[in-house]
Amino acid sequence: MKKQWISIANFVVLAVILVLTVFLFWQVRDRPSMQILVGVLLSVSYVAWGIIHHMMTGNLHPKIVVEYLLVGCIAITLIITVVWM
Amino acid sequence: MRRFFHHFFFPHQSNNHRAKALHPDAMLVYILALALFNLSFRYVHQACPSVLGYATDIRVSELLNLTNKERASLGLSQLHLNGKLSEAAAKKARDMFTQGYWSHTSPKGATPWEFIVSSGYEYSMAGENLAKNFSNSSGVVSAWMASKTHKDNIIKPGYHDVGFAIINGILDGEETTLVVQMFGTSEKEDLVAQKTETVSLGMSTDTAGNFLAESLTQPTDASKNLVSSLTSVINTPKINIPTITRDIVFIFLGLLIGILIIDGFVVFKKRIVRVAGHNLAHIMFFTALCVALMLVKRGMLL
C-alpha cells in the first residue's frame with residue numbers, strides 16, 4: 001500500500017516536471033539554442049526521475065537505468081532534429 | 001511475417017515479454033538512424049538544394065497587399081510602396097547578412113533610421129519590422145499581427161509609406177530568408193505620393209511588384225538593382241525539409257507511444273512481472289515531447 005502511494009506521488013511529480021518544462025519550452029520558442037537546452041533539461045530530469053522512482057519503489061536494476069538513458073537520448077535526438085530543421 | 005510483427009510489437013516469450021521495438025538495442029538503432037537522417041539531410045540539402053530544401057514563396061506584392069488589408073479592416077489609410085524605404089530595407093537586409101546579426105541595431109551600432117536616411121528618405125516618423133525563415137507571405141503578416149509591437153507598426157495611423165526587402169542567405173551558418181519591412185512618414189514624400197496616387201489606386205496584387213520597380217526609378221541605378229532583386233524569394237524544392245522532418249518525427253513518436261500502450265496493456269492484462277521501466281512514465285514523457293515539438297517553429301520575428 002505504501003509503495004502504491006509512493007508511486008502515485010512520483011507520477012504527480014513527473015507530471016509537474018513535464019508540464020513545467022513544456023511551458024519553459026514555449027517561453028523560449030524564439031530561441032532555438034535555448035529550446036535545445038530546455039530539451040536536454042527535460043530529458044535529464046526524466047532520467048533522474050526514473051532512477052529515483054525505481055530506487056524508491058525498490059526495483060532499480062542496471063537494465064532499467066540503461067532504458068531510461070536511451071529514452072532520454074532518443075528525446076534529445078528528436079529535439080535536435082526538429083529544432084535544427 | 002506475422003511472427004516478426006508479433007515479436008516486434010507485442011510482449012511475448014520470444015522477446016522476453018517486452019516488445020522488441022522497446023529493447024535497448026532497438027532504441028540504440030533509433031538514435032543512430034535519427035543521427036544518420038540528420039547528417040544525410042544536411043549533406044543532400046547542400047549538394048542538391050533543388051531536391052531537398054526549404055519551400056519558400058514570399059513576395060513584396062503580397063506583403064503589401066496583406067499589410068494594407070489589415071489596415072483597411074481597421075478603417076486606416078493604405079500604405080504606399082516607397083522606393084527609398086525599399087532601398088533602406090534592402091541595405092539593412094544585406095548588412096545583416098554581411099555582418100551576421102539578427103537585430104534592429106547592427107554590431108557597429110547602426111540603427112534602422114540610419115539606413116532610411118542614407119537612402120534619401122527624410123522621415124518625420126519611422127518603424128521597422130523584421131522576420132526570418134517564414135515559408136509564405138501570409139505567414140509573415142499573420143505572425144506580425146499576432147505580436148503586439150509588430151502589429152502596432154502595421155496599424156499605426158501616422159504612417160504613409162512602406163518599403164520591403166526579401167532576401168535569402170546564410171546567417172549564423174544557417175540558410176535564412178530575411179524579410180525587412182520599413183515604415184515611414186515624410187512630408188516631402190507625401191508631395192511625391194500625391195502625384196503618383198493615380199498610378200497606385202486600383203493596383204492589384206499582381207501589379208504591385210511592377211509598381212515597385214517603377215517607383216525605383218527615382219533612386220540611383222545601383223540601388224535600383226539592389227532592390228529589384230529583393231522583391232521575392234521563391235524556392236520550390238521537390239522535398240520540403242520542415243514538412244518531411246516533422247512527418248518522420250511525429251510518425252515515429254506516434255508509433256513509439258502506440259507500441260508502449262500495447263505493451264503496457266498486454267503486460268497488465270497477463271500480469272507479467274518483468275524488469276523494465278514504467279510504460280506509463282514513457283508514454284507521459286513522449287506525449288510531453290510531442291507537445292513541445294509542436295511548439296517549434298522556423299519563422300521568427302524581431
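Hi everyone, let me start with a single residue: B:Asn16 counts as exposed, at 54% relative accessibility. Before going further, please keep in mind that this is a predicted model.

Back to our residue. B:Asn16 sits in the loop between α1 (2-9) and α2 (24-47) of chain B. Its backbone is worth a look too, since B:Asn16 has a positive phi of about 60 degrees although it is not a glycine.

Chain B offers another case of this kind. B:Arg271, which is not a glycine either, has a positive phi of about 50 degrees. You'll find B:Arg271 in the loop between α11 (241-270) and α12 (279-294) of chain B, and with a relative accessible area of 74% this residue is exposed.

Now let's turn to where the two chains meet. On the chain A side, 38 residues are in contact with 40 residues of chain B. Together the chains bury about 3500 Å², and carbon and sulfur atoms give 78% of that area. Three residues, A:Ile74, A:Leu78 and A:Met85, supply 21% of what chain A buries against chain B, more than any other three residues.

What about polar links? Between the chains there are nine residue pairs in polar contact. Which helices of chain A take part? α1 (2-27), α2 (32-56) and α3 (62-83) each supply at least two residues of the side that touches chain B. The largest share, 17 residues, comes from α3(A). By class, that side of chain A has 26 nonpolar, eight polar and four charged residues.

Finally, the salt bridges: the count between chain A and chain B is two. One of them joins A:Glu67 to B:Arg18, with the closest N and O atoms 2.7 Å apart. Thanks for listening!

Notes: Residues numbered from 1 in each chain as written. Chains lettered and ligands numbered in written order. Predicted model: local features only at pLDDT ≥ 70, side-chain atom pairs only at ≥ 80, totals over all residues. Heavy atoms only, no water. Contact = heavy atoms within 4.5 Å. Buried area = accessible area lost by both parts, 1.4 Å probe. Salt bridge = Lys/Arg side-chain N within 4 Å of Asp/Glu carboxyl O. Polar contact = N/O pair within 3.5 Å; in protein donor to acceptor, adjacent residues only side chain to side chain. Helix = DSSP H or I, 4+ residues; strand = E, 2+ residues; numbered from the N terminus. Nonpolar A, V, L, I, M, F, W, Y, C, P; charged D, E, K, R; others polar. Buried < 20%, exposed > 50% of the residue type's maximum accessible area, 1.4 Å probe, protein only.
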